Structure formats: structure tokens, C-alpha cells
Amino acid sequence: MADRTPIPFVVAKATESNGDFTKDEETVKGNAIITALNMTAQNGSICTSSCTLQGTGPLEDGDASAGS
């Protein structure tokens, strides 16, 4: 994060099965820099996390645009 190195990212739909989630169709993808990363949890609880991304170029269509 300190180096501001772009990373690839994908925005995708998720499919849930028995409490597990897997990536389904991609909607958009691109490269971005992580500008913030936050995590919170109380002792013994599930962690909540979030990140803020700053794009470094155009968004590309994902798999969803390729047709079914």
C-alpha cells in the first residue's frame, strides 16, 4: 500500500452454496491502488473489513459481456 503499486481487481457476482461463496460472472475488471484498508473486530467475533481503491486506468468488461 505504501508503494502505491497497482493491483488487478475484479468485480463479480457471487454464488452461495451451503454458506460458502464462489466467484460467478465477472462484471468489470481493472487495476487500482489501495488507498485505505480497515479491519475491525471485537474479541471472539467475526472481522469486518473494507478497502478503498483508486483506479489507474479504464475499466474493462468482464466475463458477463462475453455472453452465455
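**View 1. Four strands and no helices make up the protein chain.** In this predicted model, the secondary structure reads β-β-β-β from one end of the sequence to the other. Strand 1 covers 7–17, strand 2 runs over 20–40, and strands 3 and 4 take up 48–55 and 60–61. The C-alpha trace spans about 45 × 40 × 10 Å along its principal axes. Its radius of gyration is 15 Å, whereas a compact globule of 68 residues would come in near 11 Å. Just 9% of the 68 residues count as buried. As for contacts between residues at least 6 apart in sequence, 41% join partners at least 24 apart.

**View 2. Here is the surface and its charge.** The protein chain shows about 5500 Å² of accessible surface, and carbon and sulfur atoms account for 50% of that. Side chains with a charge split into 4 positive and 9 negative. Take the centre of each set, and the two points sit 6 Å apart.

**View 3. Glu 26 and Lys 23 pair up in a salt bridge.** A search of the whole structure turns up 1 salt bridge, and this is the pair: the N to O distance between the side chains is 2.8 Å. The partners differ in how they meet the surface. Glu 26 counts as buried because its relative accessibility is 8%, under the 20% cut-off. Lys 23, at 53%, is exposed, since the bar for that label is over 50%.

**View 4. Arg 4 has a positive phi ahead of strand 1.** Most residues other than glycine have a negative phi. Arg 4 goes the other way, with phi near 55°. Look for Arg 4 in the segment before strand 1. With a relative accessibility of 44%, Arg 4 counts as partly exposed.

**View 5. Asn 18 also has a positive phi, this time in a loop.** The phi value of Asn 18 is near 55°, and Asn 18 is not a glycine. Asn 18 sits in the loop between strand 1 and strand 2. The relative accessible area of Asn 18 is 76%, so this residue is exposed.

**View 6. Asn 31, in strand 2, has contacts from elsewhere in the sequence.** Set aside neighbours within four places, and Asn 31 is in contact with Pro 6, Ile 7, Pro 8 and Phe 9, as well as Gly 55, Thr 56 and Gly 57. Even with those contacts, Asn 31 is partly exposed, at a relative accessible area of 40%. For a sense of scale, go to Thr 48: the two residues are 17 apart in sequence, and their C-alpha atoms are 24 Å apart in space.

**View 7. Pro 58 sits in the loop between strand 3 and strand 4.** Which residues does Pro 58 touch, not counting those up to four places away in sequence? The answer is Lys 29 and Gly 30. Pro 58 is exposed because its relative accessibility is 69%, over the 50% cut-off. Lys 13 is 45 residues from Pro 58 along the chain, and 20 Å separates their C-alpha atoms.

Note on methods
Residues numbered from 1 in each chain as written. Predicted model: local features only at pLDDT ≥ 70, side-chain atom pairs only at ≥ 80, totals over all residues. Heavy atoms only, no water. Salt bridge = Lys/Arg side-chain N within 4 Å of Asp/Glu carboxyl O. Buried < 20%, exposed > 50% of the residue type's maximum accessible area, 1.4 Å probe, protein only. Helix = DSSP H or I, 4+ residues; strand = E, 2+ residues; numbered from the N terminus. Rg over C-alpha atoms; globule rule 2.2 N^0.38 Å. Contact = heavy atoms within 4.5 Å. Areas by Shrake-Rupley, 256 points an atom, 1.4 Å probe, with all protein chains shown as cover. Lys, Arg positive; Asp, Glu negative; His and termini not counted. Charge placed at Lys NZ, Arg CZ, Asp CG, Glu CD.
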